[in-house]
Amino acid sequence: MKGLRKYVDKIKPAFSEGGRFGFLASTFDAFETFLFVPNTTTAKGSHIRDCNDMKRTMIVVVGALLPAFLFGCYNTGLQVGLHGLQAFFYGLVRILPMVCVSYFVGLAIEFAFAQMRKHEVNEGFLVTGLLIPMIMPVSTPLWMVALGTAFSVIFVKEVLGGTGMNVFNPAIVARAFVFFAYTPSMSGEKVWYSDWTMMGAQVDGVSGATALDNLSAYASSHSALDAFLGFMPGSFGETSTLAILIGGAILLFTGIASWRTMVSVFVGGLAVGYLFQLCGLTDYPAWWHLIVGGFAFGAVFMATDPVTSAQTDTGKYIVGFMTGALAVLIRLVNPAYPEGMMLAILFMNALAPTVDHFVVEASIARRKRRAANVK
């Protein structure tokens with residue numbers, strides 16, 4: 001690493017302002033700070049000083065996604081009849097092109113905007129670039145992944161000012177764009193498509209309904225353990241609740257995600273599920289909603305997004321509860337759209353600032369009343 005540090009220091013003047021390649025200063029800075037901790041410090045003013053910068057925070061989130069990612073590799077091969085390492089490497093080979101396309105398209109756009117604005121490259125896409133392929137079926141064509149990623153990065157992030165300025169979760173918007181523009185490739189009974197030869201094994205075309213297509217029938221014919229572990233068709237990284245909860249534990253332990261939001265999403269989903277069950281409108285346990293589809297993944301990795309979720313503690317409870325409640329409500333009242341987590345998160349992203357506003361106003365009003373009573 002010392003040799004690499006010396007080499008970077010040697011070529012740095014050429015990429016600094018006034019140097020031969022000064023127009024690439026933002027790009028060079030992005031690679032340098034990815035490899036090494038920045039050597040800049042705060043000169044004045046009151047700031048929180050911490051050893052953890054944005055890149056390191058994003059890398060922790062990527063690490064939290066790895067359990068779901070690794071299981072997704074195995075489950076992808078399992079769903080087409082493969083087993084063991086062959087199943088894992090089949091899934092890995094299928095998902096890697098999607099990950100590469102997502103990162104290439106998204107980072108290219110972010111680098112281009114950073115160069116035009118002469119700003120530093122934002123680090124948020126380190127997570128978004130992995131989330132996008134993980135919330136899509138592995139059968140999604142690469143050009144759809146590229147189009148959805150480009151739409152999300154340009155219109156959800158960069159147009160509004162970049163990382164930290166977006167109102168909606170970029171990964172969810174990418175999926176929503178592809179879903180509504182090319183619905184047959186993202187939903188319906190035929191989720192898995194394969195016609196591949198790998199390691200000498202011929203994988204014929206396979207298709208199958210997800211659990212959400214008929215949750216009542218699925219709950220009666222499959223064990224809750226299989227659903228919890230994730231041995232079912234679905235989007236690549238969303239099937240294993242166990243793997244997702246392991247990632248959630250990492251986020252909570254490191255303090256990156258809010259437990260208030262995360263727990264409230266599950267409570268809201270259970271509340272609506274039990275309400276429908278008590279009314280006799282469903283014939284399966286309410287907790288099935290929590291272990292199938294994208295509910296757990298959305299609760300752990302999407303609803304807890306610190307940019308698009310609520311900022312106040314009370315707001316986190318409200319937004320989290322409403323997200324879970326809306327997700328299950330959409331599942332139950334709209335047969336044409338069995339997965340409601342995506343729309344629920346986007347809807348609450350839009351309402352989160354309003355919720356925070358009323359929470360703050362209520363707090364101010366309480367303090368005014370308290371001050372008046374003291375006088």
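**Internal space and helix packing in the predicted model**

Three cavities of 30 Å³ or more are present in the structure, which is a predicted model. The second largest cavity encloses about 100 Å³ of space. Its lining consists of I135, I172, R175, E238, G294, F297, G298, M302, E339, M341, M342 and I345. At least two residues of this lining are supplied by each of helix 7, helix 13 and helix 15, the last of these spanning residues 341–374. By class, the lining of the second largest cavity comprises seven nonpolar, two polar and three charged residues.

Open space was examined in the second largest pocket, for which a volume of about 610 Å³ was computed. A total of 31 residues line this pocket, and M58, T304, D305, P306 and V307 are those that lie nearest its centre. Two or more lining residues are given by each of helix 3 (54–78), helix 5 (125–134), helix 7 (170–181) and helix 13 (295–302). Helix 3 provides the largest share, namely four residues. The composition of the pocket lining is 15 nonpolar, 13 polar and three charged residues. Helix 7 and helix 13 thus appear among the contributors to the second largest pocket and also among those to the second largest cavity.

Helix 5 and helix 7, both of which contribute to the pocket lining, also pack against each other, with an angle of about 35° and an axis separation of 8 Å. Their crossing is right-handed. On the side of helix 5 the contact involves T128, L131 and I132, while helix 7 contributes P170, A171 and A174. Five of the residues in this contact are nonpolar and one is polar, with no charged residues present.

Aromatic contacts were also considered. A pair of aromatic rings is characterised by the distance between the centres and the angle between the planes. Twelve aromatic pairs were counted in the model. One of the pairs is formed by Y103 and F125, whose rings are arranged edge-to-face, with a centre-to-centre distance of 6.1 Å and an angle of 80° between the planes. This pair connects distant parts of the chain, as Y103 belongs to helix 4 (residues 84–117) and F125 to helix 5, with the two positions 22 residues apart in numbering. Helix 5 accordingly takes part in the aromatic pair with helix 4, in the packing with helix 7 and in the lining of the second largest pocket.

Conventions
Residues numbered from 1 in each chain as written. Predicted model: local features only at pLDDT ≥ 70, side-chain atom pairs only at ≥ 80, totals over all residues. Heavy atoms only, no water. 1 Å grid on protein atoms, 1.4 Å probe; cavity = no way out; pocket = protein on both sides within 12 Å on 5 of 7 lines; lining within 4 Å. Points joined across faces, edges and corners; volume = space filled by probe spheres on them. Nonpolar A, V, L, I, M, F, W, Y, C, P; charged D, E, K, R; others polar. Axes fitted to C-alpha atoms, helices over the stretch in contact; angles between N-to-C directions. Left-handed = near helix turned anticlockwise from the far one by under 90°. Contact = heavy atoms within 4.5 Å. Phe/Tyr/Trp six-rings, centres within 6.5 Å; stacked < 30°, edge-to-face > 60°.
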